Amino acid sequence: MLGWNEKNRELILTRKDKDGAPRTEKVDHDFEVGNFFYSSQILWDTVVLRGVTKQGDRRLFARQLTATGIGEAVDIGELEEAGRVEGGADEAPHITGCRSGDELAVRVKGWRNDFLSFRTGGRWSQPVSPNLTGGTLSCRKGEAIITRVEPAAASAAWKSTVTQVRCTAAGCTHEGAMFEQILHTMFQFAPRDGQLDAVELDGKLLVVWAAGERGGVRMRFASADRIASAPDTVLYDDLTKDGKVDKLSTLFGLRLLARDGFAILLLSTVSGVHALRIGTDGKVGLASIEWT
């Protein structure tokens with residue numbers, strides 16, 4: 001666990017083995033970190049820090065954890081922008097990451113753009129930018145994928161967009177579609193009340209939305225460049241209650257969560273939360289949940 005000792009103004013790493021007592025270690029650095037909540041993070045076996053050197057350069061650093069301590073700081077590269085603290089109550093730290101096998105991707109929030117760096121074979125790449133901020137980060141071998149949903153106002157819901165950016169150490173490419181393209185003039189099936197989500201699954205784009213007032217909850221699953229022409233799959237009829245057709249929707253909200261090999265769709269309804277499992281073949285079934 002990575003924490004901050006306010007009294008001593010120190011960044012502290014705490015570790016505990018299964019049967020041992022907790023032990024702490026100070027994470028030293030010779031650069032100015034600023035706000036540690038936003039500019040420090042522990043990602044699996046690596047502590048990542050954003051800081052400004054004595055020469056005034058804004059850079060990204062990594063220190064790998066070992067069995068006996070913390071490795072020396074590695075200078076990953078320059079960050080072109082300072083982090084932008086927007087001040088919202090739910091604002092997360094500015095450093096996040098994902099991994100695939102032994103490969104690690106680190107994302108750092110900038111002022112207008114995010115920056116990504118990759119650790120492959122123990123070596124870090126220079127940061128590259130997807131030229132956007134936010135979105136869901138996921139990893140596949142050799143690349144990081146950012147999937148971002150931008151719901152439009154209810155009066156123009158067909159203008160909602162889904163963007164997928166695929167990045168490697170060499171750079172990033174953008175794909176995606178506006179719902180105006182997906183709907184093909186059938187605007188009555190535009191996302192309702194912002195109930196729209198999307199994730200990357202097995203290299204493809206999975207999109208789920210509440211389709212207008214009478215279209216139910218629908219899914220599309222295809223590569224980002226083919227999502228506009230992919231067929232819809234209706235997953236849930238939100239106007240059916242107790243076996244009867246109702247005038248009011250039974251759906252409160254929806255959320256997609258992706259993991260290696262599958263995605264989970266959570267549907268919040270008047271009868272509780274339902275979980276659907278979506279496989280890489282596009283097949284959908286009820287998720288099996290065990291409480292422990």
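Me: By class, how many nonpolar, polar and charged residues does the lining of the largest cavity have?

Reply: Four are nonpolar, three polar and three charged. Bear in mind that this is a predicted model.

Me: Which residues line the largest cavity?

Reply: Follow the lining along the chain: Ser100, Glu103, Leu104 and Ala105 come up, then Phe118 and Thr120, and after those Cys139, Arg140, Gly142 and Glu143. About 50 Å³ of space lies in this cavity, and the structure holds one cavity of 30 Å³ or more.

Me: Which elements give two or more residues to that lining?

Reply: Three do: β9 (103–109), β10 (114–120) and β12 (136–140). The most comes from β9, with three residues.

Me: Let's look at those strands, then. How do β9 and β10 pair?

Reply: The general idea is that strands of a sheet pair through backbone hydrogen bonds, either parallel or antiparallel. Here, β9 and β10 pair in the antiparallel sense, over six bridges. If you want a spot to check by eye, Arg107 has Leu116 in β10 as its bridge partner.

Me: What is the strand order of the open sheet with β9 and β10 in it?

Reply: Read across the four strands and you get β8-β9-β10-β11, with antiparallel pairing. At the edges are β8 and β11 (123–124), each of which pairs on one side only.

Me: And β12, the other strand from the cavity lining? Which strand does β12 pair with in the antiparallel sense over five bridges?

Reply: That would be β13, residues 143–150. Look for Ser138, whose bridge partner in β13 is Ile145. The two strands form a hairpin with two residues between them, and Gly142 takes a positive phi near 85° there. You've met Gly142 already, as one of the residues that line the largest cavity.

Me: How many bridges join β13 to β14?

Reply: Seven, and β13 and β14 (residues 161–168) run antiparallel. Ala144 is a handy marker: its bridge partner in β14 is Cys167.

Me: On to pockets. How much space lies in the largest pocket?

Reply: About 610 Å³. Of the 24 residues in its lining, the closest to the centre are Thr136, Leu137, Ser138, Ala258 and Arg259. So we're back at Ser138, the residue with Ile145 as its bridge partner in β13.

Me: Which strands each supply at least two residues of that pocket's lining?

Reply: β8 (95–100), β12, β16 (191–201) and β22 (251–259). By class, the lining divides into nine nonpolar, six polar and nine charged residues.

Me: Which residues line the second largest pocket?

Reply: Among them are Glu86, Glu91, His94, Thr96, Arg107, Lys109, Asp114 and Thr133. That lining divides into two nonpolar, five polar and five charged residues, and about 230 Å³ of space lies in this pocket. Arg107 is the residue that has Leu116 as its bridge partner in β10.

Me: Now single residues. Why does Thr53 count as buried?

Reply: The cut-off for buried is under 20% relative accessible area. Thr53 has 16% relative accessibility, so it counts as buried. Its place is in the loop between β5 (46–52) and β6 (58–64). Leaving aside neighbours within four places in sequence, Thr53 is in contact with Phe31, Arg59 and Phe61.

Me: What about Thr185: buried or exposed?

Reply: Exposed, because Thr185 has 65% relative accessibility and the cut-off for exposed is over 50%. Thr185 lies in the loop between α2 (179–183) and β16. Check its backbone too: phi is near 75°, a positive value in a residue other than glycine.

Me: Which phi does Asp193 have?

Reply: A positive one of about 55°, although Asp193 is not a glycine. Asp193 sits in strand β16, and it is exposed, with a relative accessible area of 61%.

Me: Last, the whole chain. How many helices and strands does the chain have?

Reply: Two helices and 25 strands. Of the 292 residues, 45% count as buried. The chain exposes about 16,100 Å², with carbon and sulfur atoms supplying 48% of it. Along the principal axes, the C-alpha atoms fill a box of roughly 65 × 45 × 35 Å. For contacts between residues at least 6 apart in sequence, 37% join residues at least 24 apart.

Terms used: Residues are numbered from 1 along each chain as its sequence is written. This is a predicted model: local features need pLDDT of at least 70, side-chain atom pairs count only at pLDDT 80 or more; totals for chains, interfaces and linings use all residues. Side-chain values use heavy atoms; hydrogens and water are left out. On a 1 Å grid over the protein atoms alone, a cavity is a set of points where a 1.4 Å probe fits but cannot get out, and a pocket is an open set with protein on both sides within 12 Å along at least five of seven lines; lining residues have an atom within 4 Å of a point. Grid points are joined across faces, edges and corners, and a volume is the space filled by probe spheres set on the points. Ala, Val, Leu, Ile, Met, Phe, Trp, Tyr, Cys and Pro count as nonpolar, Asp, Glu, Lys and Arg as charged, and the others, Gly among them, as polar. Buried means under 20% relative accessible area, exposed over 50%, partly exposed in between (1.4 Å probe, protein chains only). Contact means heavy atoms within 4.5 Å. Accessible areas come from the Shrake-Rupley method with a 1.4 Å probe; for residues, only the protein chains shown count as cover. Two strands pair if DSSP finds at least two bridges between them.
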